[in-house]
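Reader: I should like to learn how the features of a model such as this one are read, beginning with a helix and its surroundings. Where would you have us start?

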Amino acid sequence: MEGKRVVLVRSPMGKVNNAITAQLLASRFHVDRIVSIGFAGAIDPSLEVGSVVVSERTLQHDFGVTKPYGDVWELPPTLGKPAEAEAGGWASSRGYAYGTILTGDRFVAAKEKRDWLRKKFSASAVDMGAAAIQEVCIQNGIPCLFIRIISDKAGSDARDHFDRSAQSVNYKSVEVLKEFLGHS
Ligand code: ADE
């Protein structure tokens, strides 16, 4: 794709499935980086369906051992500094958001939860895989980057929005992935 050798895979949903897929890419295909593209719910209220978010960092918002709601395992950034700076530059040159992507195993479809996530983490978007892939990449010493297209606004109507926007978000994903590969 775009002059690069690419192993293109589609992972089933959720942290476990995303981690397995990432580990297969590392162990079986020996990839030298992972670029993950997919859907996310908006946590930043300025984002609309179709907006693009590039990861500055990822966090598991549902990981914790003491409190049911309050503590989170923060993962270190895995991109090398120059690559990270390049991703941020690329995002802003395209008018894409560059921020925190939260990951959890539950689809967020409640305004209260969304607003709490925004307040606690100043996050841009929520998904169900990025931080899990990042953890695998850390363990394997592989850089990774996450590009997410907003499919819904994580409120009570999120499921409907997700279903209605799925096709256009899929098309946009391919377009943005090609754009990124062409640039990098
Ligand atoms: N992926 C797309 N929309 C999402 C949402 N609202 N919550 C979690 N993951 C998502």
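**A helix and its surroundings**

Author: In helix H4, the buried residues are Ala130, Ala131, Ala132, Ile133, Gln134, Glu135, Val136 and Cys137. The model in view is a predicted one.

Reader: Why is H4 described as largely enclosed by the rest of the structure?

Author: A residue is taken as buried when 20 or more other C-beta atoms lie within 10 Å of its own. Because eight of the eleven residues of H4 (residues 130-140) are buried, the helix is largely enclosed. Its buried residues are covered by elements that include helix H1 (15-27), S1, strand S2 (52-60), strand S4 (97-103), S5 and S6. After H4 comes Gly141, with a positive phi near 65°.

Reader: How is the packing of H1 and H4 described, and at what angle do they pack?

Author: For two packed helices, one gives the angle between the axes and the distance separating those axes. Here H1 and H4 pack at about 35°, and their axes are 8 Å apart. On the H1 side the contact is made by Lys15, Asn18, Ala19, Ala22, Gln23 and Ala26, and on the H4 side by Ala132, Ile133, Glu135, Val136, Cys137 and Asn140. By class, this contact comprises seven nonpolar, three polar and two charged residues. As to spacing, an α-helix has 3.6 residues a turn, so residues three or four places apart point the same way.

Reader: Which handedness does the crossing of H1 and H4 have, left or right?

Author: H1 passes H4 in a right-handed crossing.

Reader: Let us turn to the backbone. What is the sign of phi in His30, and where is His30 found?

Author: Most residues other than glycine have a negative phi. In His30, phi is positive, near 50°. This residue is found in the loop between H1 and S1, and His30 counts as exposed because it has 10 C-beta neighbours inside 10 Å.

Reader: And Ala154: is it buried or exposed?

Author: Ala154 has 27 C-beta neighbours inside 10 Å and therefore counts as buried. Its phi is also a positive value in a residue other than glycine, near 60°. Ala154 is found in the loop between S6 and H5.

Reader: Which residues are closest to the ligand?

Author: The ligand is surrounded by 14 residues, the closest being Phe39, Gly41, Phe107, Val108 and Ala154. Ten residues of this shell are nonpolar, two are polar and two are charged. At least two shell residues come from each of S1, strand S5 (125-127), strand S6 (144-152) and helix H5 (158-183). S1 gives the most, with three residues.

Reader: Within S1, what does Val35 contact?

Author: Val35 lies in strand S1 (residues 34-42). Apart from neighbours within four places in sequence, Val35 is in contact with Leu145, Ile147 and Phe180. Val35 has 17 C-beta neighbours inside 10 Å and so counts as partly exposed. From Val35 to Ala154 the separation is 119 residues in sequence and 24 Å in space, C-alpha to C-alpha.

Reader: How many helices and strands does the protein have, and what confidence does the predictor report?

Author: The protein has five helices and six strands, in the sequence pattern α-β-β-β-α-β-α-β-α-β-α. Of its 184 residues, 38% are buried. Where pLDDT is low, the predicted coordinates should not be read in detail. The average pLDDT of the protein is 90, and 90% of the residues score at least 70. For the complex, the predictor gives an ipTM of 0.99 and a pTM of 0.92.

Key
Residues are numbered from 1 along each chain as its sequence is written. This is a predicted model: local features need pLDDT of at least 70, side-chain atom pairs count only at pLDDT 80 or more; totals for chains, interfaces and linings use all residues. Helices (H or I, at least four residues) and strands (E, at least two) are DSSP runs, numbered from the N terminus. A residue is buried if 20 or more other C-beta atoms lie within 10 Å of its own, exposed if 12 or fewer, and partly exposed in between; C-beta atoms are placed from the backbone. Two residues are in contact if their C-beta atoms, placed from the backbone, lie within 7 Å. A residue is near a molecule or strand if its C-beta atom, placed from the backbone, lies within 6 Å of it. Ala, Val, Leu, Ile, Met, Phe, Trp, Tyr, Cys and Pro count as nonpolar, Asp, Glu, Lys and Arg as charged, and the others, Gly among them, as polar. pLDDT is the predictor's confidence in each residue, from 0 to 100. Axes are lines fitted to C-alpha atoms, for helices over the stretch in contact, and angles run from 0 to 180 degrees between N-to-C directions. A crossing is left-handed if the near helix is turned anticlockwise from the far one by less than a right angle, and right-handed if clockwise.
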